[in-house]
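Okay, thanks for coming, everyone. I'll put the model up and then walk through the strands, the core and a couple of spots on the surface.

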Amino acid sequence: MSKEFQLIRNVSPGSSGWTVKIVVAEKFSPRIAQKSPTKYQNLILMDTEGSTVQATLYGQNITAFQDQLTLGNTYLISNAMVKITNPEYKAKSGEVQWIISRRTRIRKVEENNSI
């Protein structure tokens, strides 16, 4: 029995109960914010259609997920916070970004099932 996955373009602020199958297309080095001491890391995630979304990890979540979100691997992601991207902090184009936290569910997909 196969499960239906959403596409990135169908996940918007206020969406709930979604799961997207993605590959980690880009993973930037962690940085310190210009206007605060907060550490953050951006990733670019790509779905089966080739659409991308910027995902951001903050503070301790960078370390918590560093072994889980590796470049080139495929994952099922759900329960990330979806918010409108502030144009000042955009790593890539896109209207929304996903904030990955401890509430986010991430499950690695084996190679033979990857995108």
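So, β1 and β3: these two run antiparallel, and five bridges hold the pairing. If you want a landmark there, take Ile22, which sits opposite Asp47 in β3. And just so nobody forgets, what we're looking at is a predicted model.

Staying with β3, let's see who else pairs with it. Strand β2, residues 31-32, lines up antiparallel with β3 over two bridges. Look at Arg31 and you'll find that its bridge partner in β3 is Tyr40. β2 and β3 make a hairpin, with six residues between them.

Then there's β4. β3 and β4 are antiparallel too, with seven bridges between the two strands. Ile44, for instance, has Gln54 in β4 as its bridge partner. This is another hairpin, with four residues between the strands, and Gly50 takes a positive phi there, near 95 degrees.

So is β3 enclosed by the rest of the structure, or open? Largely enclosed, because seven of its nine residues are buried.

Let me zoom out for a second. The chain has one helix and eight strands, and if you read along the sequence the order is β-β-β-β-α-β-β-β-β. Of the 115 residues, 37% are buried. As for contacts with a separation of 6 or more, 59% are between residues 24 or more positions apart. The accessible surface is about 7,200 Å², and carbon and sulfur atoms take 46% of that.

Now the inside. Which residues touch the most other members of the largest nonpolar core? In this set of 22 residues, those are Trp18, Ile22, Leu45, Leu69, Ile77 and Trp98. You've met Ile22 already, as the residue opposite Asp47. Several elements put at least two residues each into this core: β1, β3 (39-47), β4 (52-58), α1 (60-65), β5 (74-78) and β7 (96-100).

On to charges. How many salt bridges does the count come to? One. The pair is Arg9 with Glu49, and the closest N and O atoms are 2.9 Å apart. Here's the bit I like: Arg9 is in the segment before β1 while Glu49 is in the loop between β3 and β4, so the pair ties together parts that are 40 residues apart in sequence. Arg9 counts as exposed, because its relative accessibility is 55% and the cut-off for exposed is over 50%. Glu49 comes in at 44%, so that one counts as partly exposed.

Last stop, same stretch of chain as Arg9: Gly17 is also placed in the segment before β1, which covers 19-27. Buried or exposed, what would you say for Gly17? Exposed, because its relative accessible area is 86% and anything over 50% goes in that class. Gly17 and Gln6 are eleven residues apart in sequence, and their C-alpha atoms are 9.8 Å apart in space.

If you take one picture away, make it β3: antiparallel to β1, to β2 and to β4, and largely enclosed, since seven of its nine residues are buried. Okay, over to you.

Technical notes
Residues are numbered from 1 along each chain as its sequence is written. This is a predicted model: local features need pLDDT of at least 70, side-chain atom pairs count only at pLDDT 80 or more; totals for chains, interfaces and linings use all residues. Side-chain values use heavy atoms; hydrogens and water are left out. Buried means under 20% relative accessible area, exposed over 50%, partly exposed in between (1.4 Å probe, protein chains only). Contact means heavy atoms within 4.5 Å. Accessible areas come from the Shrake-Rupley method with a 1.4 Å probe; for residues, only the protein chains shown count as cover. A nonpolar core is a set of buried Ala, Val, Leu, Ile, Met, Phe, Trp, Tyr and Cys residues joined through side-chain atoms within 4.5 Å. Two strands pair if DSSP finds at least two bridges between them. A salt bridge is a side-chain nitrogen of Lys or Arg within 4 Å of a carboxyl oxygen of Asp or Glu.
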